[in-house]
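Work through the exercises below with the sequence and the coordinates at hand. Each task is followed by a worked solution.

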Amino acid sequence: MERQTVRFVDIVGLHNGNNGRSCERHEVCGRELKKNDLLLLRKCIVEVDGKPQGAIAAIQILNGQLGCRVGFIGRHMLKRVDQNILVQVTELYDESELLQDRQRSYKNCGMALCCVLQNQNFQ
Ligand SMILES: [Zn+2]
């Protein structure tokens, strides 16, 4: 069965520093994320309430190199999204003019809408 093509993904948890989302340069790496930034989606294991769980992390690409882990794919999309694909930040919900978007971002600890790049030839 062919996988349904996903064109947009939600990245959540940008304002949390746990589960690898902080480094020696940033207390919370996802706070540095800007519109048009590139991210690589990659499978990982995180701890949720003390239990290991599969997740897909979003890792920022800076100057052609893998940088900080900034967030995770929204749980509702986990089964529909491939790992090792490149996405680009289309919108930071915090900066939206719509109150409901900003509320949604708050609820999800910082949220970004990203589009899946069409040419994925780098693999
Ligand atoms: Zn960082």
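**Exercise 1: a loop residue**

Asn19 sits in the loop that runs between strand 1 and strand 2. The model is a predicted one.

Task: state whether Asn19 is buried, partly exposed or exposed, and give the sign of its phi.

Solution.
- Step 1. Around Asn19 there are 17 other C-beta atoms within 10 Å.
- Step 2. A buried residue needs 20 or more such atoms and an exposed one has 12 or fewer, so Asn19 is partly exposed.
- Step 3. The phi of Asn19 is positive, near 50°, although the residue is not glycine.
- Step 4. For comparison with the general rule, most residues other than glycine have a negative phi.

**Exercise 2: order of elements and confidence**

Task: list the secondary structure along the chain and say which elements have the lowest and the highest confidence.

Solution.
- Step 1. The chain holds 1 helix and 6 strands.
- Step 2. Their order along the sequence is β-β-β-β-β-α-β.
- Step 3. Mean pLDDT is lowest in strand 2, at 93, and highest in helix 1 (residues 99-107), at 97.
- Step 4. Over the chain the average pLDDT is 91, and 93% of the residues score at least 70.
- Step 5. Where pLDDT is low, the predicted coordinates should not be read in detail.

**Exercise 3: two hairpins**

Task: describe how strand 3 pairs with strand 2 and with strand 4.

Solution.
- Step 1. Strand 2 and strand 3 run antiparallel and are joined by 11 bridges. Ile45 has Gly54 of strand 3 as its bridge partner.
- Step 2. These two strands form a hairpin with 2 residues between them. Asp49 lies in that loop, and its phi is positive, near 50°.
- Step 3. Asp49 has 5 other C-beta atoms within 10 Å, so this residue is exposed.
- Step 4. Strand 3 and strand 4 are also antiparallel, with 5 bridges. Leu62 is matched with Gln65 in strand 4.
- Step 5. Strand 3 and strand 4 form a hairpin with 2 residues between them, and Asn63 in the turn has a positive phi of about 50°.

**Exercise 4: the nonpolar core**

Task: which residues of the largest nonpolar core touch the most other members, and which strand gives the most to this core?

Solution.
- Step 1. The core has 22 residues, of which Ile11, Ala58 and Ala112 touch the most other members.
- Step 2. Strands 1, 2, 3, 4, 5 and 6 each give two or more residues to this core.
- Step 3. The most come from strand 4, which gives 4 residues.
- Step 4. Beyond four places in sequence, the contacts of Ala112 include Ile11, Leu14, Leu33 and Val89.
- Step 5. Met111 belongs to strand 6. With 25 other C-beta atoms within 10 Å, Met111 is therefore buried.
- Step 6. Contacts of Met111 beyond four places in sequence include Asp10, Ile11, Val12 and, among others, Arg104 and Ser105.

**Exercise 5: overall dimensions**

Task: what radius of gyration would a compact globule of 123 residues have, and what value does the chain have?

Solution.
- Step 1. For 123 residues, a compact globule would have a radius of gyration near 14 Å.
- Step 2. The chain has 14 Å, which agrees.
- Step 3. Along the principal axes, the C-alpha atoms fill a box of roughly 35 × 35 × 30 Å.
- Step 4. Of the 123 residues, 26% are buried.
- Step 5. Among contacts between residues at least 6 apart in sequence, 59% join residues at least 24 apart.

How values were computed
Residues numbered from 1 in each chain as written. Predicted model: local features only at pLDDT ≥ 70, side-chain atom pairs only at ≥ 80, totals over all residues. Rg over C-alpha atoms; globule rule 2.2 N^0.38 Å. Contact = placed C-beta atoms within 7 Å. Core = buried A, V, L, I, M, F, W, Y, C linked by C-beta atoms within 7 Å. pLDDT = per-residue confidence, 0-100. Pairing = 2+ DSSP bridges.
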